[in-house]
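Here are my notes on the structure you sent over. I've gone through them point by point, so have the model open as you read.

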Amino acid sequence: MSFDFALIVDSIPKILTGIGLTFQLLFLSAVLGLALAIILLLMRISGRWYLVAPTMVYIYIFRGTPILVQIFIIYYGLPQLEFVRDSIFWPILREAFGCAIVALTLNTGAYVSEILRGGVLGVDRGLKEAGAALGLSARHRFIYVTAPIAIRLCLPAYSNDVISLMKSTALASTITLLDMMGIARTIVAETYAPYEIFISVMVVYLILTWIIQRGFGWMEKRMSRHVRSEA
Amino acid sequence: MKKAFTLLAAFAVLALGVPQTASAETLRVGMECTYAPFNFKNANGELDGYDVDVAKGVAEIIGADLEFVCQQWDGMIPALLANKFDLVVASMSITDSRLKKMDFSQPYRISVGRLVGKKNAGLNLFDDAGKPIAANFAGVKVGLERASTYASWFEAVLPDAEVALYDDNESLYLDLVNGRTDIIMTNPMKAYLRFLSKDDGAGFEFVSPQVDERKFFGIGVGIGLRQGNDALKGRLNGALKTLTEDGSLEKYALKYFPFAIHNEKWIPVQ
């Protein structure tokens, strides 16, 4: 096998034309997924069984199945049902982009809500009791005491999830989207040079991961600056 | 007339019980025997299919006896070169790399692409001369297989078309039914066998003529033979010309497809 370095250099700019779509997939599903995760978290810690039970089923299903299967069911499966094609969701589900966003959001939402729950559970009971002693209502205790500490506790795990979400966006290439991976697969099909092209994609994804890691690292440092100064 | 005479001669030979006339040659024909509907064993265990009919038709005209040899695809060309058989009538496409090793007759089946879309959609994508009308492709979503000849054709001929690329043939039909694409372009025989003749394809039809551009789709399928057999090649081409012009090729195709799969006018290539 001959290894063609020039092909790597040639193909990276082509692959980068898909980076916009990769970013759109990442940011939209990260933001929507976080919103979904917060709703799921509030349901989960509400203590009311009719809110807790559906949340637990939902999280179990979406964490317990491969995201590729979820994407295929949403993209190829749902349109088989007549009422889905007639529903108000069809304009979103008709588009491959819409399906990818829906699948990535639902998936990451399940994971992130568990991360957030871990953060909330990690907050020291004494702090909540202190809040109660100060006469704060349950809602105020959650907003002013629990949430800020929980967010700090969640950040490292959350940054992991954003990175894995970024990698999951590559699966959108299986449903016709031309994100970086989609473009790379098309080039491979044209050049029959999988090594060179996929190594190029790898390099680009690694750089993105590095940027996300550094971003969260900076945020973690900043949010725990008071802890650091005391130590 | 000539055909009738040949037939008569063949019967005479059979009637007389003579195994072979002095002039009769036997041509051994290689094919996979598993590639329906082109060459396959039917329910009675007999070889059947478009390739088989073409081979029989040609043999009848050139007055040769046939002997079929079943050969796996990957060993087809080596077996031909090793003189295991004399002709390949196995739906083998004529390509430049194959022409370096072997020879081909004129095509007896063409490689074309054809668009499939919803029935009565009134898309009006092609003019009467069979050329695409670019303006009418605006807003039409097209499904194609990734890096296929059809994708290259669209890129070159209709670069502004809104194209979605799929990884396999089945997904094309699935998303066409789901309404994510309005039309797809693929091999018309595949489209007929896998989609249009099935329940899922009931509401769909071909919405274009056969697009036959050699630059993209290749020359087609020919009878393969060893190099340096120009006399035999000339006889094969003569026979194929007759089969084209007397409607036999069309008759063979209509057994399996509702359309002809050869070049309906005899236009020699090369």
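**Notes on chains A and B**

1. Let's start with how two helices of chain A sit. α2(A) and α3(A) are oblique to each other. This is a predicted model, so please read every value below as computed from it. The two helices cover residues 19-44 and residues 49-64. Their axes come within 8 Å and cross at roughly 135 degrees; over 145 would have counted as roughly antiparallel. The crossing of α2(A) past α3(A) is left-handed.

2. Who touches whom there? On the α2(A) side you'll find Leu40(A), Met43(A) and Arg44(A). They meet Leu51(A), Val52(A), Thr55(A) and Ile59(A) of α3(A). By class, that contact between α2(A) and α3(A) holds five nonpolar residues, one polar and one charged.

3. Next, follow α3(A) to another partner, helix α7 of chain A, residues 96-122. Here the axes of α3(A) and α7(A) come within 9 Å, crossing at roughly 115 degrees. This crossing is left-handed. From α3(A), Tyr58(A), Ile59(A), Phe62(A) and Arg63(A) take part. Their counterparts in α7(A) are Leu106(A), Asn107(A), Ala110(A), Tyr111(A), Ser113(A) and Glu114(A). Sorted by class, the contact of α3(A) with α7(A) comes to six nonpolar, two polar and two charged residues. Worth a click: Ile59(A) is listed in the contact with α2(A) and also in the one with α7(A).

4. What about α2(A) against α7(A)? Their axes are 6 Å apart, and the helices pack at an angle of about 45 degrees. That angle makes α2(A) oblique to α7(A). The crossing of α2(A) past α7(A) is right-handed. In this contact there are 16 nonpolar, six polar and two charged residues.

5. Stepping back to chain A as a whole: how many helices and strands does it have? The count is 12 helices and zero strands, so reading from the N terminus you get α after α along the chain. The C-alpha trace spans about 70 × 55 × 25 Å along its principal axes. Of the 231 residues in chain A, 28% count as buried. As for the contacts in chain A with a separation of 6 or more, 77% are between residues 24 or more positions apart.

6. Now the place where the chains touch. Nine residues of chain B are in contact with 10 residues of chain A. On the chain B side, β10 (162-166) and α6 (169-178) each supply at least two residues. The largest share, three residues, comes from β10(B). By class, the side of chain B that touches chain A has five nonpolar, two polar and two charged residues.

7. Last, a look at helix α2 of chain B, residues 50-62. Does its length come out short, long or as expected? At 1.5 Å a residue, its 13 residues should span 18 Å, and the end C-alpha atoms are 18 Å apart, which agrees. The helix is mostly covered, with 10 of its 13 residues buried. Among them are Tyr50(B), Asp51(B), Val52(B) and Asp53(B), and further along Gly57(B), Val58(B), Ala59(B) and Ile61(B) are buried too. After α2(B) comes Gly63(B), whose phi is positive, near 70 degrees.

Definitions and conventions
Residues numbered from 1 in each chain as written. Chains lettered and ligands numbered in written order. Predicted model: local features only at pLDDT ≥ 70, side-chain atom pairs only at ≥ 80, totals over all residues. Axes fitted to C-alpha atoms, helices over the stretch in contact; angles between N-to-C directions. Helix = DSSP H or I, 4+ residues; strand = E, 2+ residues; numbered from the N terminus. Parallel < 35°, antiparallel > 145°, perpendicular 65-115°, else oblique. Left-handed = near helix turned anticlockwise from the far one by under 90°. Contact = placed C-beta atoms within 7 Å. Nonpolar A, V, L, I, M, F, W, Y, C, P; charged D, E, K, R; others polar. Expected span 1.5 Å × (residues − 1). Buried ≥ 20, exposed ≤ 12 C-beta atoms within 10 Å, placed from the backbone.
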